[in-house]
Amino acid sequence: MRAAVTGPGGFEVAEVADPAPGAGEMVLRVSANGVCGSDLSTAPFLPAGTIMGHEFAGEVVAVGPDDGGSRAFGVGDLVASMPVIGCHRCRACLTGDVARCPSVRTLGLGVLPGALAEFVVVGAAESVRLDDVDPVDGALVEPLAVGLHAVTRASIRPGDRALVLGAGPVGLAVLHWLSRGVAAEAVCSDPSPGRRAAALDLGASTVCTPEEVPDHVRGGVDVVIECVGKPGMIAAALDAAATHGRIVVAGVCLSEDTFMPVAGVVKEVSMNFVSYYTKSEFDAAAAELGKGAIGSSTFVSDVVGLDAVDRVFTDLSRPNDHRKVLISPAVG
């Protein structure tokens, strides 16, 4: 099969062996895979030959021996899969928090191959069937689940005012869920005009640049959800949070960061760091797509083929107005 693999200077498309499913696994023909901000951060640290890609959906083309739910799916089914495969026996797996399984195997991060390829092996127990969903749109389940997990951890209360830092794909997913909940206001801060426009499309009540945060927001919001993942963002979140406010850090920052703890101490702010999602949140995101509550018309800015992976990673690493870019192996 064809796959985009990491190399010394970026990505190249190579021919690699077709995958085969093990017990409780399936092989999907990849319909589309989304490029995530965490992909951009981690790509330089992965060994050459890695097949990345953890936001995807595809058609089942092979089912392995049953050991964890593979009989629930058949060849031809369209599914989205969590980019993790658990042991299916530990507490984390049994409660649906598969990413926290002590024996978890991750897809697209150098352990198991990801979905920047024509085919990918997934766990059946970590998959959900997609009904009435465009196959390419199925790649949105994963980022929507990330946003839902962040909003769930924020414990939004009726009348809360929320500030979302960053209108990249995670920030947009967060805004979607906030707009469907009980928050009174959802402000989004982003330097990009295009992304601020996207934030309004996805449910923000107000948008602003980081330098122009409204006075009623600065130091006065109940919830701050940080979706940028760069140094200085936690300090910005603490500055915006009200007394007894809550901060959720969803941005993936791989650099050292500093902030003044006294800012949080004085306000008695609570802070949660989040990643991934539960299986139930993943299923909820799939259901959201299935009922047409969101789709590529508002969330996706481009769909390209495997040959464009290197260019897309370069473009997205610079300031840009993109929403979500999807890689579809079927696109020439």
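**Contacts between the two domains and the parallel sheet**

Between domain 1 and domain 2, 12 residue pairs are in polar contact, counting pairs in which both residues have pLDDT 80 or more. Three helices, namely helix 1 (37-42), helix 8 (279-290) and helix 9 (296-299), each supply at least two residues of the side of domain 1 that touches domain 2. Helix 8 gives the most to this side of domain 1, with six residues. The model is a predicted one.

The division places residues 2-141 + 277-327 in domain 1 and residues 144-273 in domain 2. A distance of 26 Å separates the C-alpha centres of domain 1 and domain 2. Contact involves 24 residues on the side of domain 1 and 22 residues on the side of domain 2. About 1900 Å² is buried between domain 1 and domain 2, and carbon and sulfur atoms give 64% of this area. Of the area that domain 1 buries against domain 2, 30% is supplied by Glu281, Phe299 and Arg323, which is more than any other three residues supply.

Charged side chains also take part in the contact between the domains. Two salt bridges are counted between domain 1 and domain 2. Arg323 forms a salt bridge with Asp201, in which the closest N and O atoms are 2.8 Å apart. Arg323 is also one of the three residues named above for their share of the area buried by domain 1.

The strands numbered 10 to 15 are considered next. Six strands form an open sheet with parallel pairing, in the order 12-11-10-13-14-15. The edges are taken by strand 12 (206-208) and strand 15 (270-273); each has a single partner strand, so one side of each is left without a neighbour in the sheet. On average, and with direction ignored, neighbouring strands of this sheet are turned by 20° against each other.

At one end of the strand order, strand 11 (residues 185-189) and strand 12 run parallel and are joined by three bridges. Ser189 has Cys208 in strand 12 as its bridge partner. Helix 4 (residues 169-179) lies across strand 10 (161-165), strand 11 and strand 13 (221-226). The angle at which helix 4 runs to strand 10 is about 165°.

Note on methods: Residues numbered from 1 in each chain as written. Predicted model: local features only at pLDDT ≥ 70, side-chain atom pairs only at ≥ 80, totals over all residues. Heavy atoms only, no water. Pairing = 2+ DSSP bridges. Helix = DSSP H or I, 4+ residues; strand = E, 2+ residues; numbered from the N terminus. Axes fitted to C-alpha atoms, helices over the stretch in contact; angles between N-to-C directions. Contact = heavy atoms within 4.5 Å. Domains from an automatic or database assignment. Buried area = accessible area lost by both parts, 1.4 Å probe. Salt bridge = Lys/Arg side-chain N within 4 Å of Asp/Glu carboxyl O. Polar contact = N/O pair within 3.5 Å; in protein donor to acceptor, adjacent residues only side chain to side chain.
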